[in-house]
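I opened this notebook to record a few look-ups in one model. The entries follow in the order in which I made them.

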Amino acid sequence: MKKQQLTNILGGLAVAITDAQMQAMGKATALSPSECAAVLSLGANPGLSIQSLAGILGLSHSASVRLCAGLAAKGLLDRMTGEDKRVVMLTLTAQGATMRSVLVDARESVLGEAISTLPEPDQVAFGRLISDMLERLTASRAQADHICRLCDETACPAALCPVERKACRLEGSQA
């Protein structure tokens with residue numbers, strides 16, 4: 001296969017997988033893609049500030065404020081003032097934690113189905129290849145957090161996550 005075709009089908013796979021997981025999560029929860037990413041990110045990182053969440057999601061501060069207001073109105077997150085009274089800290093409510101579980105299950109279902117099309121030895125090899133690619137594509141902590149915004153961090157703990165390990169190396173710390 002020529003490199004040009006390989007890059008094209010890789011792009012197609014990336015789009016197909018992204019669309020499928022976002023559709024499954026939206027269908028399971030009636031949340032927008034940004035709301036899904038916020039709930040997943042806050043579940044993995046309770047106590048994030050709105051500014052930190054904005055960076056992870058790739059949204060402006062004002063868009064993140066509106067997103068969080070909507071999630072709070074739906075009963076999915078609590079907003080609290082931090083030590084610095086200008087900073088708003090975010091945590092999921094019990095309802096938000098339940099919603100996060102629904103999101104993780106919907107995403108896992110779609111991605112698990114995609115992976116199941118490969119024989120077991122190919123799944124192992126594919127996992128190594130994807131890990132290598134993700135590690136090489138990770139250039140900063142901010143990018144790492146953005147890459148992993150939809151991840152189930154309990155399934156891929158920091159010590160095993162290629163993105164987190166690379167981010168830690170870039171920061172000079174250990175995962």
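Leaving aside neighbours within four places in sequence, which residues is T93 in contact with? I note beforehand that the model is predicted. I found T93 in contact with G75, L76, L77 and D78.

Entry on the position of T93. I located T93 in the loop between strand 3, residues 88-92, and helix 5, residues 94-115. I then looked up its accessibility: T93 counts as buried because its relative accessibility is 15%, and the cut-off for buried is under 20%. I also checked the side chain of T93, which reaches the backbone nitrogen of G96 at 3.0 Å.

Entry on the strands. I looked up how strand 2, residues 77-81, is arranged against strand 3 and recorded antiparallel pairing over five bridges. Strand 2 and strand 3 form a hairpin, and I noted six residues between them. For one position in this pairing, I asked which residue of strand 3 R79 stands opposite. I recorded L90 as the residue opposite R79.

Entry on E35. I placed E35 in helix 2, which runs over residues 33-44. Is E35 buried or exposed? I entered E35 as buried, because its relative accessibility is 10% and buried means under 20%. I next listed what E35 touches, not counting residues up to four places away in sequence, and found L67, L71 and K74.

Closing entry. I have now recorded T93 as buried and E35 as buried, each with its contacts beyond four places in sequence.

Notes
Residues numbered from 1 in each chain as written. Predicted model: local features only at pLDDT ≥ 70, side-chain atom pairs only at ≥ 80, totals over all residues. Heavy atoms only, no water. Helix = DSSP H or I, 4+ residues; strand = E, 2+ residues; numbered from the N terminus. Buried < 20%, exposed > 50% of the residue type's maximum accessible area, 1.4 Å probe, protein only. Contact = heavy atoms within 4.5 Å. Polar contact = N/O pair within 3.5 Å; in protein donor to acceptor, adjacent residues only side chain to side chain. Pairing = 2+ DSSP bridges.
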